[in-house]
Amino acid sequence: MGDAATQAKSFLSDKAGHFTESVIREMTRQALLYNAVNLSQGFPDFPAPAEIKLAAQKAIAGDVNQYAITWGAKSLRNAIAAQVHQSQKRIVDPETEITVCCGSTEAMISTLLAVCNPGDEVVVFEPFYENYGPDSVLSGARPRFVKLRPPEAENGEWTFDGDELRSAFDRHTKAIIINTPNNPTGKVFARTELELIRDLCVEFDVLAITDEIYEHILYDGAEHISMATLDGMRDRTVTINGLSKTYSVTGWRVGWTIAPPEITSAIRKVHDFLTVGAPAPLQEAGAAALVLPEEYYQELAERYRERRDVLLPVLTEAGFRCFRPRGAYYIMTDISAFGYADDVSFTHHLVKDIGVAVVPGSSFYLDPRDGSRQVRFAFCKRPETLQAAASRLRNLSKS
Ligand SMILES: Cc1ncc(COP(=O)(O)O)c(C=O)c1O
């Protein structure tokens with residue numbers, strides 16, 4: 001390394017040095033480089049609903065182009081409160097309990113910065129959505145990982161061990177992050193599992209931070225249960241959600257938190273100094289999105305079920321062992337049949353020689369070895385994209 005590079009590196013913070021660049025976003029860049037079909041990053045390649053695009057255009061034409069109220073446009077906060085009331089029979093005060101952020105990504109980091117002190121610990125299920133690790137580091141907290149174990153049978157569920165979870169809780173535990181429906185596993189946490197987590201949160205006085213951005217993407221009759229609706233959890237839960245996945249607008253960067261007023265007030269301060277606010281016209285469009293009729297959500301889940309059911313047999317046929325998702329839009333797979341040294345070399349072969357980009361399993365684990373036999377496919381893509389991937393995957397040979 002040259003002197004200039006060494007000098008520049010000396011300016012970096014310990015925090016930034018602590019984590020690597022996002023592998024998921026890197027895979028999208030590689031997909032472009034090799035002209036591969038991109039089944040890595042979880043963004044749809046089909047259009048967003050026409051009515052919400054129109055609402056965004058109208059808001060811009062109507063000059064909603066200046067800062068919104070820092071914690072969110074009133075119209076969107078009201079729409080969020082109304083939707084939560086309708087779907088969960090839960091009363092949320094849009095004036096004191098909702099904060100609109102730049103995506104659920106910012107909602108998560110603002111929440112952690114609002115509640116964590118150095119030395120605090122945050123329990124995270126592993127494999128985990130890769131932002132949670134750096135989020136904990138940025139907030140000064142130490143992540144404590146608890147394993148989700150893959151099912152033995154093709155139709156089984158990912159499970160966790162209650163004793164292992166309990167042993168991750170102690171006097172340093174500030175919060176637990178729960179993502180249901182789950183990325184990358186497709187697990188939808190059952191009521192009994194959430195109750196077990198609830199009991200630990202109450203016993204150890206711990207906050208639950210729940211990332212529910214795939215709440216409407218469910219299969220096989222799976223039911224989404226929002227942690228805050230469980231007895232005893234309303235005052236110790238921060239619910240995170242957003243427009244990205246439900247309305248296929250990942251580039252709009254609109255998400256939110258729902259939390260008790262005291263926690264909301266802290267989140268709002270962090271959020272204000274981090275970003276000032278989410279894009280004002282897109283918040284207005286968000287208010288229009290949240291009043292789409294019930295059929296919209298049924299249709300969304302049904303279209304994703306079709307895509308899942310197209311990709312599952314293609315992958316099985318190609319030699320992957322698939323873990324059938326119950327929610328979200330990813331398929332985690334086992335790649336043992338291909339005989340590669342690890343997930344990264346296999347992923348490289350897939351993007352460069354076969355022409356399909358996926359995410360190496362190791363990026364969802366603290367210890368890369370734990371994910372070295374797994375890769376994740378995203379199926380939030382047009383049928384043509386999935387067919388293009390299918391025909392390329394036929395060239396993949398097993399060892
Ligand atoms: C579990 C999970 N949380 C959050 C995000 C990011 O959401 P947003 O676009 O609202 O920041 C993703 C995106 O893939 C995700 O999978």
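In this predicted model, R29 counts as partly exposed, at 40% relative accessibility. Its side chain meets that of E26 in a salt bridge, with an N to O distance of 3.2 Å. E26 is partly exposed as well, with a relative accessible area of 29%. Both residues belong to helix α3, which spans residues 23-33. E26 and R29 are three residues apart there, about one turn of the helix. Side chains of opposite charge can pair when their charged atoms come close.

A second pair repeats this spacing in helix α12. R305 and E302 both lie in that helix, three residues apart, again about one turn. Their side chains form a salt bridge at 2.8 Å, N to O. R305 counts as partly exposed at 27% relative accessibility. E302 also counts as partly exposed, at 30%. This pair is part of a wider arrangement: a network of salt bridges links E157, D220, E302, R305, R308, D309, R324 and R326.

A third salt bridge joins the side chains of E97 and R234, at 3.0 Å from N to O. This pair links distant parts of the chain, with the two positions 137 residues apart in sequence numbering. E97 sits in the loop between α5 and β2. R234 sits in the loop between β6 (207-211) and β7 (237-242). The two partners differ in burial. E97 has a relative accessible area of 7%; the cut-off for buried is under 20%, so E97 is buried. R234, at 31% relative accessibility, counts as partly exposed. The full count comes to 27 salt bridges.

The ligand site was examined next. The ligand is surrounded by 14 residues, and the closest are S104, T105, D211, Y214 and S244. Three of these place a polar side-chain atom beside a ligand oxygen. For T105, the distance from a polar side-chain atom to an oxygen atom of the ligand is 2.5 Å. For Y214, the corresponding distance to a ligand oxygen atom is 2.6 Å. S244 likewise has a polar side-chain atom 2.6 Å from an oxygen atom of the ligand. Taken alone, the ligand exposes 400 Å², and the protein buries 93% of that area. The surrounding shell is mixed in character: five of its residues are nonpolar, six are polar and three are charged. Helix α6, residues 103-115, gives the most to this shell, with three residues.

Helix α11 covers residues 280-289. Eight of its 10 residues are buried, so the helix is largely enclosed by the rest of the structure. The buried positions are A280, P281, L282, Q283, A285, G286, A287 and A289. Several elements contribute to their cover. Among them are two helices, α4 (50-61) and α5 (74-88). Strand β2 (98-101) and helix α12 (294-318) also take part in covering the buried residues of α11. Helix α12 is also the helix that holds R305 and E302.

The backbone shows some less common geometry. Most residues other than glycine have a negative phi, and most peptide bonds are trans. Two cis peptide bonds are described here, each preceding a proline. One joins E126 and P127, with omega about 10°. P127 is found in the loop between β3 (121-126) and α7 (132-138). Another joins T180 and P181, with omega about -15°. P181 lies in the loop between β5 (173-179) and α9 (191-204).

Positive phi values occur at N35 and S248. Phi of N35 is near 55°, a positive value in a residue other than glycine. N35 is located in the loop between α3 and β1 (37-38). At 61% relative accessibility, N35 counts as exposed. S248, also not a glycine, has a positive phi of about 55°. The loop that holds S248 runs between β7 and β8 (255-258). S248 counts as buried, at 10% relative accessibility.

Conventions. Residues are numbered from 1 along each chain as its sequence is written. This is a predicted model: local features need pLDDT of at least 70, side-chain atom pairs count only at pLDDT 80 or more; totals for chains, interfaces and linings use all residues. Side-chain values use heavy atoms; hydrogens and water are left out. Buried means under 20% relative accessible area, exposed over 50%, partly exposed in between (1.4 Å probe, protein chains only). Helices (H or I, at least four residues) and strands (E, at least two) are DSSP runs, numbered from the N terminus. Contact means heavy atoms within 4.5 Å. A residue is near a molecule or strand if one of its heavy atoms lies within 4 Å of it. A polar contact is a pair of N or O atoms within 3.5 Å; within protein, one must be able to donate a hydrogen and the other to accept it, and residues adjacent in sequence count only if both atoms are side-chain atoms. Accessible areas come from the Shrake-Rupley method with a 1.4 Å probe; for residues, only the protein chains shown count as cover. Ala, Val, Leu, Ile, Met, Phe, Trp, Tyr, Cys and Pro count as nonpolar, Asp, Glu, Lys and Arg as charged, and the others, Gly among them, as polar. A salt bridge is a side-chain nitrogen of Lys or Arg within 4 Å of a carboxyl oxygen of Asp or Glu.
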